[in-house]
Amino acid sequence: MATCILIRHGRSSANTEGILAGWMPEVHLDEKGEEQAAGLAERLGHLPLSALASSPLERCRETLAPLAARLGLTPTLHEGLAECRYGAWTGRPLQELAKEPLWRIVQDDPCAARFPDSPEYPGESLPQMSARALDAVRELDADITAEHGEQALWALCSHGDVIKAILADLLGSGLAHFQRLQVDPASISVVRLGSERPMIMRFGDTGSLNAPPSEPLAQGDGVVGGGAG
C-alpha cells in the first residue's frame with residue numbers, strides 16, 4: 001500500500017483559548033498556526049506527494065493550503081477525517097469540561113464514551129469517530145494506491161483525537177489506550193496501512209520538543225481535542 005503522512009492542523013484560535021472547537025464554524029488558525037502551516041510546506045514541499053486529503057473544517061484546509069499551493073494539488077475533502085462530533089461539549093472551555101463525569105469516561109474508558117447531543121450539534125461516540133476515520137483513511141489509501149501505485153506518498157490533515165484514534169488502531173491497542181498518545185498541532189506521523197501488518201515509521205514529529213503544559217487538567221489526562229501543543 002501507499003505511504004501516508006498524517007498531519008494535525010496548526011494551532012487554532014480555539015486551541016489558544018482552551019475551547020473544545022469540535023464542528024464549530026469559523027475556527028481559524030491563529031498567527032502561530034499560520035506559521036506552522038508555512039513551515040509544513042517547507043518541510044514537506046520537496047516530497048513527491050501524489051495526493052492530499054483533508055477534513056472539511058477550516059483549520060485543516062488552512063493548514064494544507066501552503067503545501068497544496070506549492071505542489072499544485074487540490075486536497076480532497078472527506079467528512080470521515082473531520083473532528084469528533086462533541087455535541088453539547090462543543091464550544092465549552094476544557095477546564096470546565098474536566099469537571100464533568102463524562103470526562104473520566106473519556107479518559108479511562110474511551111470505548112464507552114459518547115458525547116451528548118445538543119440542539120445545534122449532534123454528538124457521537126469515540127468508537128463511531130474512530131470507525132469512520134479508519135474507513136476514510138483506508139478508502140483514500142486504496143484509491144491512491146490504485147491510481148498511483150504501491151510506492152505512492154500522500155498526506156492528509158485532520159484533528160488530534162482523530163489522528164490518535166487512527167494511530168492507536170495501527171498500534172493494535174485500539175481506543176482503550178489512545179489517551180496515551182499525544183499529537184501536537186502541525187505534527188506529522190508517517191504510516192503504511194498495509195493489509196497484514198501496518199507500520200508506523202514516524203510519530204508526532206514536530207522537529208522540536210515542547211515543554212510540558214503549565215496547567216495540566218489532571219495528572220496523566222489526555223486533552224480532549226488534542227490540546228494546543
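Reader: In which loop does A186 lie?

Author: This is a predicted model, and in it the phi of A186 is near 65°, a positive value in a residue other than glycine. A186 is also buried, because its relative accessible area is 8% and buried means under 20%. As for its place in the chain, A186 belongs to the loop between α7 and β5 (188–192).

Reader: Is E26, which has a positive phi although it is not a glycine, buried or exposed?

Author: The phi of E26 is about 60°, and the residue sits in the loop between α1 (13–17) and α2 (31–44). The relative accessible area of E26 is 55%, and a residue counts as exposed when this value is over 50%. By that cut-off E26 is therefore exposed.

Reader: How many helices and strands does the chain have?

Author: Read from the N terminus on, the elements follow the order β-α-α-β-α-β-α-α-α-β-α-β-β. Within the 229 residues of the chain, buried residues make up 50%. The elements of the chain amount to 7 helices and 6 strands.

Reader: Why is the pair of W89 and W103 called stacked?

Author: A pair of aromatic rings is described by the distance of the centres and the angle of the planes. The count of aromatic pairs comes to 3, and in the pair of W89 and W103 the ring centres are 6.2 Å apart. Planes under 30 degrees apart count as stacked, so the pair of W89 and W103 earns the word through the angle of its planes, which is 15°.

Reader: How many residues apart in sequence are the parts that W89 and W103 tie together?

Author: Both W89 and W103 are buried. W89 is found in the loop between β3 (76–77) and α4 (94–97), whereas W103 is found in helix α5 (residues 101–108). Because the two residues lie in these separate parts, the pair ties together parts whose distance in sequence is 14 residues.

Reader: What kind of pair do the rings of W89 and F115 make?

Author: The centres of the W89 and F115 rings are 5.2 Å apart, and their planes stand at 65°. Planes over 60 degrees apart fall into one class, so the pair of W89 and F115 is edge-to-face.

Reader: Which residues form the aromatic cluster that includes W89?

Author: W89 and F115 are both buried, and their pair links distant parts of the chain, with W89 in the loop between β3 and α4 and F115 in the loop between α5 and α6, 26 residues apart. One aromatic cluster takes in W89 and F115 together with two other residues, and its members are Y86, W89, W103 and F115.

Reader: What is the N to O distance in the salt bridge of D108 and R104?

Author: Side chains of opposite charge can pair when their charged atoms come close. D108 and R104 both lie in helix α5, where they are 4 residues apart, about one turn of the helix. D108 counts as exposed because its relative accessibility is 55%, while R104, at 36%, counts as partly exposed. In the salt bridge where their side chains meet, the N to O distance is 3.1 Å.

Reader: Are K164 and D161, whose side chains meet in a salt bridge, buried or exposed?

Author: The N to O distance between K164 and D161 is 3.6 Å. They are separated by about one helical turn, because they are 3 residues apart in helix α7 (residues 160–171). As to their surroundings, both K164 and D161 are buried.

Reader: Which residues are joined into one network by salt bridges that share partners?

Author: The count of salt bridges comes to 12, and one of them is formed by D117 with R114, whose closest N and O atoms are 3.6 Å apart. The network is made by salt bridges that share partners, and the residues it joins are R43, R202 and D205.

Reader: Which residues gather in a patch of negative charge on the surface?

Author: One member of the patch is D143, which lies in helix α6 (residues 126–148). D143 counts as partly exposed because its relative accessibility is 47%, and members of a patch need over 30%. The residues gathered in this patch of negative charge are D135, E139, D143 and E147.

Definitions and conventions. Residues are numbered from 1 along each chain as its sequence is written. This is a predicted model: local features need pLDDT of at least 70, side-chain atom pairs count only at pLDDT 80 or more; totals for chains, interfaces and linings use all residues. Side-chain values use heavy atoms; hydrogens and water are left out. Patches are made of residues with over 30% relative accessible area and no salt bridge: like charges are joined within 9 Å, nonpolar side chains (Val, Leu, Ile, Met, Phe, Trp, Tyr) within 5 Å. Accessible areas come from the Shrake-Rupley method with a 1.4 Å probe; for residues, only the protein chains shown count as cover. A salt bridge is a side-chain nitrogen of Lys or Arg within 4 Å of a carboxyl oxygen of Asp or Glu. Lys and Arg count as positive and Asp and Glu as negative; His and the chain ends are not counted. The place of a charge is taken as NZ of Lys, CZ of Arg, CG of Asp or CD of Glu. Buried means under 20% relative accessible area, exposed over 50%, partly exposed in between (1.4 Å probe, protein chains only). Rings of Phe, Tyr and Trp (its six-membered ring) pair if their centres lie within 6.5 Å; planes under 30 degrees apart count as stacked, over 60 as edge-to-face and the rest as tilted.
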